[in-house]
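Work through these exercises with the sequence and the model open side by side. Each task is followed by a solution in short steps.

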Amino acid sequence: MNTRTASNPAQSATGPVIADWRDFYALTKPGVMKLVVFTGLAGMLAAPTQLHPVLAFSAILAIALAHGAAATLNQWYETDIDAVMKRTADRPLPAGRMDRETALHFGVGLGVFSVILMGMAANWLAAATLAAAILFYVCIYTIWLKRRTPQNIVIGGAAGAFPPLIGWAAATGEITLMPILLFTLIFLWTPPHFWALSLFVNADYARAGVPMMTVVAGPRATRRQMLLYTVPMAAVAIAPWPLGLAGPIYGVTATALSAIFLALAISVIRNPSTKPAHMIPEKRLFLFSILYLFAVFGALVADAWIPMGATA
């Protein structure tokens, strides 16, 4: 528990709500931001055209700020849900360390600045795609889907798939087949990744009344859905190699890691337990899924920059 919660002025019924820099930083979900920035950077570095280092840094900063904006606005809208879930109750808004109006202004300000920065540093196609990613996450996923359908994370997962598309567009000024495949890879990766987590924190979502697949359909159906998404995910991950869009460094890495991912998904579907303490396969898949995306996108960059990985 955050030690500042008990003593912060935000806890006073009459005093002003005064958040410090750690609360603003927490709103941006820095843990998730690492993966967002990395996939965006990988898309930029794998592109055939390279930006000037200063402009490239500014473009990646814009992606990071846009993620922070979307995460902030997500928490601004979901304060009531976060307050009843154990893993989110100590976030700045439900814990009372920040008022919602401050979070709203911070989120909107970050979002607008990130889009302008991307347009000035790279191009307006990348800026428009960045704006679409923010709006999709906030309006489509957070406001429209999350409380209404168990398909929330499937459709809403598209928001997290934008970074490599944006990175590629920032470098080249266009969107081609390769960044579309990278977008699709993350889109298909999101359900098994997120549902693995939701299986062992299912009680939180049930208590908050969020219709996650694990709550509505149950563990067995969710495990089956995870496997059904993993198979096309693996196919899309490997596809750039036979299509001639990537070389053997990427191809071999993506194939091997996808095979491991598939094996873990099979171990999940074989696990009948409904108790979080016995969901070891689910926890393994969740942790590996994060490593998987880092490694696959890292291999993509290595393939583009190491001569032996170059395609003809």
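**Exercise 1. Burial and overall form**

What percentage of the 312 residues in the chain is buried?

*Solution.* Keep in mind that this is a predicted model.
- Step 1. Apply the cut-off: buried means under 20% relative accessible area.
- Step 2. Count against the 312 residues: buried ones make up 53%.
- Step 3. Turn to the surface. The chain exposes about 13,700 Å², and carbon and sulfur atoms supply 70% of that area.
- Step 4. Check the radius of gyration. The chain has 20 Å, which agrees with the value near 20 Å for a compact globule of 312 residues.
- Step 5. Add the box. Along the principal axes, the C-alpha atoms fill roughly 70 × 50 × 30 Å.

**Exercise 2. Secondary structure and contacts**

State how many helices and strands the chain has. Then find the share of contacts that link residues 24 or more positions apart.

*Solution.*
- Step 1. Count the elements: 14 helices and zero strands.
- Step 2. Read the order from the N terminus: α-α-α-α-α-α-α-α-α-α-α-α-α-α.
- Step 3. Take the contacts with a separation of 6 or more. Residues 24 or more positions apart account for 72% of them.

**Exercise 3. The largest pocket**

Describe the largest pocket by volume, lining and contributing helices.

*Solution.*
- Step 1. Volume: about 1,200 Å³ of space lies in the largest pocket.
- Step 2. Centre: 50 residues line this pocket, and the closest to its centre are Lys29, Val32, Val36, His67 and Tyr137.
- Step 3. Class: the lining has 31 nonpolar, 11 polar and eight charged residues.
- Step 4. Helices: those that each supply at least two lining residues include helix 2 (30-46), helix 3 (53-77), helix 6 (124-145) and helix 14 (280-305). Helices 4, 7, 8 and 9 also each supply at least two.

**Exercise 4. The loop between helix 1 and helix 2**

Is Lys29 buried or exposed? Examine its backbone, then its neighbour Thr28.

*Solution.*
- Step 1. Place Lys29: the loop between helix 1 (21-27) and helix 2.
- Step 2. Compare with the cut-off. Lys29 has 17% relative accessibility, so it counts as buried.
- Step 3. Read the backbone. Lys29 has a positive phi of about 50 degrees, although it is not a glycine. Most residues other than glycine have a negative phi.
- Step 4. Recall the pocket: Lys29 is among the residues closest to its centre.
- Step 5. Go to Thr28, in the loop between helix 1 and helix 2. Thr28 has a relative accessible area of 8%, so it is buried.
- Step 6. List its partners beyond four places in sequence: Met33, His67, Gly68, Ala71, Thr72, Phe106 and Leu110. One of them, His67, is also among the residues closest to the pocket centre.
- Step 7. Gauge a distance. Thr28 and Arg97 lie 69 residues apart in sequence and 15 Å apart, C-alpha to C-alpha.

**Exercise 5. Three buried helix residues**

Where are Ala59, Leu293 and Met233 found, and what do they touch? Leave aside neighbours up to four places away in sequence.

*Solution.*
- Step 1. Ala59 sits in helix 3. Its relative accessible area is 0%, so Ala59 is buried.
- Step 2. Ala59 touches Met44, Leu51, Met118, Ala121 and Ala170. Lys146, 87 residues away in sequence, is 29 Å from Ala59, C-alpha to C-alpha.
- Step 3. Leu293 belongs to helix 14. At 1% relative accessibility, Leu293 counts as buried.
- Step 4. Leu293 is in contact with Leu35, Thr39, Ile186 and Trp189. Ile63 is 230 residues from Leu293 in sequence and 17 Å away, C-alpha to C-alpha.
- Step 5. Met233 is in helix 12 (residues 219-238). At 0% relative accessibility, Met233 counts as buried.
- Step 6. Met233 touches Leu185, Leu188, Trp189, Phe261 and Tyr292. The C-alpha atoms of Met233 and Phe261 are separated by 9.7 Å, with their positions 28 residues apart along the chain.
- Step 7. Link the contact lists: Trp189 appears for both Leu293 and Met233.

Definitions and conventions:
Residues are numbered from 1 along each chain as its sequence is written. This is a predicted model: local features need pLDDT of at least 70, side-chain atom pairs count only at pLDDT 80 or more; totals for chains, interfaces and linings use all residues. Side-chain values use heavy atoms; hydrogens and water are left out. On a 1 Å grid over the protein atoms alone, a cavity is a set of points where a 1.4 Å probe fits but cannot get out, and a pocket is an open set with protein on both sides within 12 Å along at least five of seven lines; lining residues have an atom within 4 Å of a point. Grid points are joined across faces, edges and corners, and a volume is the space filled by probe spheres set on the points. Ala, Val, Leu, Ile, Met, Phe, Trp, Tyr, Cys and Pro count as nonpolar, Asp, Glu, Lys and Arg as charged, and the others, Gly among them, as polar. The radius of gyration is taken over C-alpha atoms; the globule rule is 2.2 Å times the number of residues to the power 0.38. Buried means under 20% relative accessible area, exposed over 50%, partly exposed in between (1.4 Å probe, protein chains only). Contact means heavy atoms within 4.5 Å. Accessible areas come from the Shrake-Rupley method with a 1.4 Å probe; for residues, only the protein chains shown count as cover.
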